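Hi,

Here is the structure I promised to pass on. Have a look at it first, and then read my notes below.

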Amino acid sequence: MHFDIEISFKPSDQNGVIFYNAQNNNGTGDYMILQLVDGIPVLTVKFDTATPLTVTGDRPIQLNVWHTIRLSRSGPQVTMAVDNTGPFVGELSSYTVLDLNAPLYIGGLPDQRPPELIRSTGFVGCVSMLILGKEEKVIMDSNNQPHNVYDCDTCNPNQCLNGGICQEARNDRGYTCLCPTGFAGQNCDRPGEACHQGLCGAGKCIDTLDGYKCICPVTFTGKNCDVKQNIDYPAFTGSAYLAIKPPNTTRFLLMSMKIKAKAPITDGIIMYCAQSSRGYGGFTSLAVRDGRLEFRYDVGDGNVPIILTSNMTLQPNEWTDVRITRVGTVVSLRIHMIHNYNATLTSAKDLYLETPMFVGGVDDTIILNNNTGVTGGFSGCIKDVSLHGDQLDLINDSILSANVQECVNLIRGDIQFESLCSQCRNGGYCLNVDSSSCTCEPGYSGVYCENRIPTNSRAQDDPCASQPCRNGGTCRLDRSAVQGYSCDCQLGFSGHNCLTSFELLQSVSFDGNGFLALPPDYLQYTTLNQEPALVALAFNTKYDGVLLYQHEEKLRYGGDFILLRVNDSVVVVDWDLGGGRNSLSIPEILVTDEERHEIYLQLYKDGAVELTVDKNPRMALSNGISNVMNADSKIYLGGIPDHLNTENYYPGFRGCIEQVEFSAGRSLNLVDVAVGGKNVERCKK
């Protein structure tokens, strides 16, 4: 019912089979074939008892140049994107299952083939990259069966200029250039500093026309992501974004937020979520367009999308309440809970949202749907975001981010912000100029004393009503505590009311209710051929709990993961590479004795996992045929955030974790690298 295939190639002839896959070895039954016909890409999907579906490109592709084709099927819809053009779409008559059980052929097809493919010829040229689902296949792997296939010399001629060194690579060009000092660019064709490891710290480096730029995680800013920052209300500057998991529902959407646009107001995307990251299918978006708010909803059925546009011009530097909904076939936009705009979809078709839900802008790797109407990111601030009635913590709930800043400290200075004290309402006042909230008169609550407490309610008996948790902490009812509440403190603060500030060094303490988030790229699974992925740490505890967790971020259910924990006083590692859950432990070593214990965990290229506890090693192989780890989320130490810990409810760690190392081979200074956290402290020596 679903497939995603991506292949990069450089053709030397206008005709030839790029790949072929069939149901049976004798050529009978279902099949799928991608080929060039007079230079035009043609995808044919044939079911045993149905008329073939053909999806064709719109023009011949250039010979002796690298191209990338992406194929996808979702339900009855089959799409083909050629070098990010298209998509070219075909629709099946029914939700027919495609059975492909025979080997996949690259560059040709066997002698036993369907009669209509007798005249199909083999491919002439190079193929550099094949991705099936999310797993990149090594085409020249020794386990495959080559026939008249040779290594393709993609470095002849050498495209790397200014003394750059060409190396073959499995990317859409077939090679990469190692540039000498002073030159940058894909072909070392311009002066500047090129991306290299560590240049952007915890961030991601991208080569640009005039050098490089860093995509910083949410808790870092600066040219090289080297400035630590705390964010209450995120600010976006046209090239920034946050991303959260997409909603699970398909015919229902309820989202609200407050936005403040900077002056001058420009077009920009506030929210975007789509069926495909390649720009086809359905999508939903909220944007500023021509100075007004615009909500678009497209179920991907071929009809024109619903477009709801406010008749109110946004005012710069003022907060605007926005609410967008879809219920069945009715789509709505509401401004300030007063001005309503409604429309009805032509069909009640489900909209399956597969990309993350982007807020404030969109990642450059995402191809926007052509019907979005706006391409750039939003410039301004966003707060109080809720989805399906649940308030979101955009900072800690984000799975991707880039160059987000703090609203009140926006570096550009384009937004003039009023002081908090000038916003106190209903007789509220500030105790001092550094107050993080207004002190309210009896009967009122909220940061600005904006909420009236009904006299007939029990709000005055709510210990959280006075907002006792400071510095961004969250109050929650806790009847086991003497004061009736507990505070979940943001990273960098601790204590009963989150009033104590501190900096982590190389150790971190947990009390069963927190976690520390590290950047995902500390665990590198794409370079397992060169070296295994490594985790090393020391700890002491007297309880069971999670030591480390990472999972496959974009999948709603299941997906690859790695989980290191203490269970029944024994260190256990659980993981899944796509072939099912695996588990490895060393039961003879008990670790809940409050003594110091050391762990080394290594994941190898063949799917083998080695766990060493106090110099005692144990190894196991992964289930299934897949040996590619696709876990790509933040790396969580000491616990799993509540919104991710919903299936097995693993307890948080209680104790001290120190000397955390990854493949780089040195202990991390946690204050420099942490990108989030809750309820952590320094270890007490």
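Let me start with a pair from this predicted model: Arg70 and Glu6 form a salt bridge, with 3.2 Å between the closest N and O atoms. The two partners come from distant parts of the chain, 64 residues apart, with Arg70 in strand 6 (residues 67-74) and Glu6 in strand 1 (residues 2-11). Both Arg70 and Glu6 are buried.

Another salt bridge brings together the side chains of Arg251 and Asp350, at 2.3 Å from N to O. Here, too, distant parts of the chain are linked, and this time both ends sit in loops: Arg251 lies between strand 21 (241-244) and strand 22 (252-261), while Asp350 lies between strand 29 (339-344) and strand 30 (357-359), and the two are 99 residues apart. Arg251 counts as partly exposed because its relative accessibility is 43%, which falls between the 20% and 50% cut-offs.

Then there is Arg289 with Glu294, whose side chains meet in a salt bridge at 3.7 Å, N to O. What about burial for these two? Arg289 has a relative accessible area of 30%, so it is partly exposed. Glu294 has just 5%, so it is buried, the limit for that being under 20%. Elsewhere, Arg476, Asp488, Asp642 and Lys678 are joined into one network by salt bridges that share partners. If you want the total, searching the whole structure gives 15 salt bridges.

I also looked at Leu400, which is in strand 33 (residues 400-402). Its relative accessible area is 27%, so Leu400 is partly exposed. Which residues does Leu400 touch, leaving aside neighbours within four places in sequence? The contacts are Tyr241, Leu242, Ala243, Pro356 and Lys554. In addition, the C-alpha atoms of Leu400 and Ile244 are separated by 7.1 Å, although the two residues are 156 apart along the chain.

Now the overall picture. The chain has 52 strands and 2 helices. It runs to 685 residues, 51% of which count as buried. If you take contacts between residues at least 6 apart in sequence, 61% of them join residues at least 24 apart. The accessible surface of the chain is about 32400 Å², and carbon and sulfur atoms account for 47% of that.

That's what I have for now.

Cheers

Methods. Residues are numbered from 1 along each chain as its sequence is written. This is a predicted model: local features need pLDDT of at least 70, side-chain atom pairs count only at pLDDT 80 or more; totals for chains, interfaces and linings use all residues. Side-chain values use heavy atoms; hydrogens and water are left out. A salt bridge is a side-chain nitrogen of Lys or Arg within 4 Å of a carboxyl oxygen of Asp or Glu. Helices (H or I, at least four residues) and strands (E, at least two) are DSSP runs, numbered from the N terminus. Buried means under 20% relative accessible area, exposed over 50%, partly exposed in between (1.4 Å probe, protein chains only). Contact means heavy atoms within 4.5 Å. Accessible areas come from the Shrake-Rupley method with a 1.4 Å probe; for residues, only the protein chains shown count as cover.
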